[in-house]
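This is a walk through one structure, taken a few places at a time. Please keep the sequence and the model open while reading.

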Amino acid sequence: MHARRTALAAAVALVAAVCTPLLTAPTASAAAAKLSDDFNGDGYRDVVMLGGSHGKDGRVTVVYGTSSAPGTRVQILHQDSAGIPGGVEAEDGWGTAATTADLDRDGYADLIVSSPGEDVGTIQFRGGLTVIWGSANGLGSGTVFNSPAPQEYEGQGDRFGEDVVSGDFDGDGDQDLAVTSGSRVGVVLLKGPFTRAGGKSGWSFLGGSYGYLWAPNLVAGRVTADAATDLYVLGSDLQASSDADLRAFFHRGGSTFTQRAGELRVPDDGGHQGGDILSVGDFDKDGYGDLAIGRGYEQGDGERGYVTVQYGGSNGPSTVRKPVRFTQNTTGVPGSSENGDFFGSAIAAGDVNGDGYADLAVGARGEDLGAKRNAGMVTVLLGRAGGLSGTGAKSYSQDTSGITGTAETEDQFGAHLKLTDYTRDGRADLMIDTNEQLGYEDRWGLVHLLKGSGSGLTATGSKSYSVTSLNLSYTRMGGPFAR
């Protein structure tokens, strides 16, 4: 709905990196939710899908989980929904990004939805987050949290919330939020716990260790061996970079979280790509999280899509192991690299076979299948001792037996991916978004669920969710699945 955020050009004084909270949130007495995406506390994971429209703006679709998979209970949320603050306005971008966490420690996961185009008073594009609180009945009322970042132009906001992720970043046991900001601070840390009255425990800015941080993509995960959540920021320090390449900046969870602890150079092949292109998983089972970066867009210079993996170490990205690149020409990977495949345009990490090694699903939304252009394909690379390899890799398409539908031109099967254990069997299941046209309407159509098994992902017993039942259509650059 919005063009990609561009960095502000003027230099302004940096506000202090750590701010005193306006309102301290009291500690809740209930135990925190066991699952970060179980909104009604029934023990099953719920699915959050971004995209679609309500009037002039966006909406979010929630599918509640059951013992076997996401089921038939569907909840559609937007700014006209009962209990949701604000109102639907053009270009608010409500649902641009989302994440889940139990922010108030009441035992129910909460849904955090961003709206980076939201005007606040006289400030245009100030942005904000709507926290929709979980309960025994599921998601209900909401509370808005606005940006604490400084204004760099009078009347012009910072598009707070182009991306948002959750985790215990400061290591105090409460869930926090890391949120992108278009100001020079780059990323804002909102500290938990939070209250339904709008309270939080304070905030910090990550930009203090940069000249001018541009941070379009975030991914949270456990990289080091401690309990705190770590963060990778894909972007650039606009006052320090000597080339046009991106960096994956590492921030280690704990008391020094706001300070940059490492970085990885990411070759930029001509432009920045949005979407599900960052994921963290322990592919070699050494106790440290590894970073996968999808680089699926392609230019006319012959560069084709690929995935880069930077293995982790005790202090973050390994300084000993060099990044490893995977393409469709890697030994064992099905297919071959071709122009327009967009291999790596979406990625997701998770353990699909329960062997303790994280695996990596890679989307190639532009893969041609015979005469069917851009039908799309997903390849799963398996983790093992030493890390990912092409050995045993498998690919899936809508021509795979057991998957609903058939491959067709412009289906773009694998445009967006999510790996999570929805069936509670200890193996990650794969959600796949595809541009399947249904009926006579040119609308985004099917979301497929492939279940994990001891031998890996299986199409046997796969489920599909259609646009007609879920009212789902992809309209956001970040993809339809909340993190």
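**From single residues to the whole chain**

G41 sits in the loop that runs between β1 (18-19) and β2. The model is a predicted one. Is G41 buried, partly exposed or exposed? Its relative accessible area is 42%, and because partly exposed covers values between 20% and 50%, G41 is partly exposed. In sequence G41 and D106 are 65 residues apart, while their C-alpha atoms lie 9.9 Å from each other in space.

The strand that follows this loop holds another glycine to look at. G51 is part of strand β2. Its relative accessibility is 0%, so G51 counts as buried. The C-alpha atoms of G51 and G95 are 6.8 Å apart, although 44 residues separate the two in sequence.

A third glycine, G366, belongs to the loop between β24 (359-364) and β25 (377-382). With a relative accessibility of 2%, G366 is counted as buried, because buried means under 20%. Which residues does G366 touch, when those up to four places away in sequence are not counted? They are G340, D341, F342 and N374. For D341, the C-alpha atom is 4.1 Å from that of G366, and the two residues are 25 apart along the chain.

F342, one of the residues touched by G366, has a backbone feature of its own. It lies in the loop between β22 (324-326) and β23, and its phi is near 60°, a positive value in a residue that is not glycine. Most residues other than glycine have a negative phi. R424 is another non-glycine residue with a positive phi, of about 60°. The loop that holds R424 runs between β27 and β28 (429-433).

The peptide bonds also deserve a look. Most peptide bonds are trans. The bond that joins G192 and P193, however, is cis, with omega at about 5°. P193 is located in the loop between β11 (187-190) and β12 (203-205).

The next stop is D282, in the loop between β17 (278-281) and β18 (290-295). What does the side chain of D282 reach at 2.9 Å? It reaches the backbone nitrogen of G287. With neighbours within four places in sequence left aside, D282 is in contact with G287, Y288, G289 and D290, and also with G356, Y357 and A358. V223 is 59 residues from D282 along the chain, and the C-alpha atoms of the two are separated by 8.1 Å.

β17, the strand before the D282 loop, also takes part in the largest pocket. At least two residues of the lining come from each of β2 (47-54), β5 (98-101), β9 (164-167), β13 (213-221), β17, β23 (343-350) and β27 (416-420). Strand β2, where G51 is placed, is thus named here too. The largest pocket has a volume of about 1300 Å³. How many residues line it, and which lie nearest its centre? The lining has 46 residues, and A220, K418, L419, T420 and R483 lie nearest the centre. Sorted by class, the lining consists of 21 nonpolar, 14 polar and 11 charged residues.

The chain can now be taken as a whole. It has 30 strands and 1 helix. Of its 483 residues, 60% count as buried; G51 and G366 have been described above as buried. Among contacts with a separation of 6 or more, 56% are between residues 24 or more positions apart.

What remains is the confidence of the prediction. The mean pLDDT of the protein chain is 86, and 85% of the residues reach 70 or more. Over residues 1-29 the pLDDT is below 50, and this stretch has 76 contacts in the model beyond near neighbours in sequence. Residues 467-478 also have a pLDDT under 50, and the model gives them 49 contacts beyond four places in sequence.

Key: Residues numbered from 1 in each chain as written. Predicted model: local features only at pLDDT ≥ 70, side-chain atom pairs only at ≥ 80, totals over all residues. Heavy atoms only, no water. Helix = DSSP H or I, 4+ residues; strand = E, 2+ residues; numbered from the N terminus. Contact = heavy atoms within 4.5 Å. Polar contact = N/O pair within 3.5 Å; in protein donor to acceptor, adjacent residues only side chain to side chain. pLDDT = per-residue confidence, 0-100. 1 Å grid on protein atoms, 1.4 Å probe; cavity = no way out; pocket = protein on both sides within 12 Å on 5 of 7 lines; lining within 4 Å. Points joined across faces, edges and corners; volume = space filled by probe spheres on them. Nonpolar A, V, L, I, M, F, W, Y, C, P; charged D, E, K, R; others polar. Buried < 20%, exposed > 50% of the residue type's maximum accessible area, 1.4 Å probe, protein only.
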